[in-house]
Amino acid sequence: MHKVLLLGINPSSGKPKKLSALSRMEVWMKSLGFQYYCFSNVIPTPGEYKLDKVDYDYVSSIVEGHDKVIALGGFVSTVLNRLKVEHFVLPHPSPLNRKLNDKNYEKLCLEQCAQFLSHK
């Protein structure tokens, strides 16, 4: 089994909600067969996110030791591309992400992620 790291943008500034990005991410990882995985953000503080707020040294350090890295959204993918880290991009799991209202789209994304995770 691979050591998987999921990377998000930054913590939410609001109270945790039942239907949160974290709960959707947990459902996704279970559906992919992962009970255990690592999660972190590329920016440690809530609020507005910009590339100049990314701690690239921190991101590089946490990527080490993981076989597979999954970016949650395009912003995180941009960060990983700058660091030349191979990764797979899942859509950001936020309940505000309207693309995820299409269950076929969500299923396709998870199928493609499963293929990425299955390669050595």
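Student: Which strands does helix 4 lie across?

Tutor: Helix 4 (103–118) lies across strand 1, strand 3 and strand 4, and runs at about 160 degrees to strand 4. Contact here means heavy atoms within 4.5 Å. Axes are lines fitted to C-alpha atoms, for helices over the stretch in contact, with angles from 0 to 180 degrees between N-to-C directions. Helices (H or I, at least four residues) and strands (E, at least two) are DSSP runs, numbered from the N terminus.

Student: Where do these numbers come from?

Tutor: This is a predicted model, where local features need pLDDT of at least 70, side-chain atom pairs count only at pLDDT 80 or more, and totals for chains, interfaces and linings use all residues. Residues are numbered from 1 along each chain as its sequence is written, and side-chain values use heavy atoms, leaving out hydrogens and water.

Student: OK, the sheet. What's the strand order?

Tutor: The order is 2-1-3-4, in an open sheet of four strands with parallel pairing. Two strands pair if DSSP finds at least two bridges between them. Strand 2 (38–41) and strand 4 each have a single partner strand, so one side of each has no neighbour in the sheet.

Student: How many bridges join strand 1 to strand 2?

Tutor: Four, and the two strands run parallel. Leucine 5 stands opposite cysteine 38 in strand 2. Helix 1 (21–31) packs on this sheet too, touching strand 1, strand 2, strand 3 and strand 4, and its direction makes about 155 degrees with that of strand 1.

Student: Switching topic: which residues have the most contacts inside the largest nonpolar core?

Tutor: Ile70, Leu90 and Leu117, in a core of 17 residues. Helix 4 gives the largest share, five residues. A nonpolar core is a set of buried Ala, Val, Leu, Ile, Met, Phe, Trp, Tyr and Cys residues joined through side-chain atoms within 4.5 Å. Buried means under 20% relative accessible area, exposed over 50%, partly exposed in between (1.4 Å probe, protein chains only).

Student: And what is isoleucine 70 in contact with?

Tutor: Leaving aside neighbours within four places in sequence, its contacts include Val4, Leu6, Phe88, Leu90, Cys113 and Leu117.

Student: Is leucine 72 buried or exposed?

Tutor: Leucine 72 counts as buried, because its relative accessibility is 3%. Leucine 72 lies in strand 3 (residues 68–72). Leucine 72 and histidine 92 are 20 residues apart in sequence, yet 4.7 Å apart in space, C-alpha to C-alpha.

Student: Last one: which residues of helix 3 are buried?

Tutor: Phe75, Val76, Ser77, Val79 and Leu80, in residues 74–82. Just after helix 3, lysine 84 takes a positive phi of about 60 degrees.
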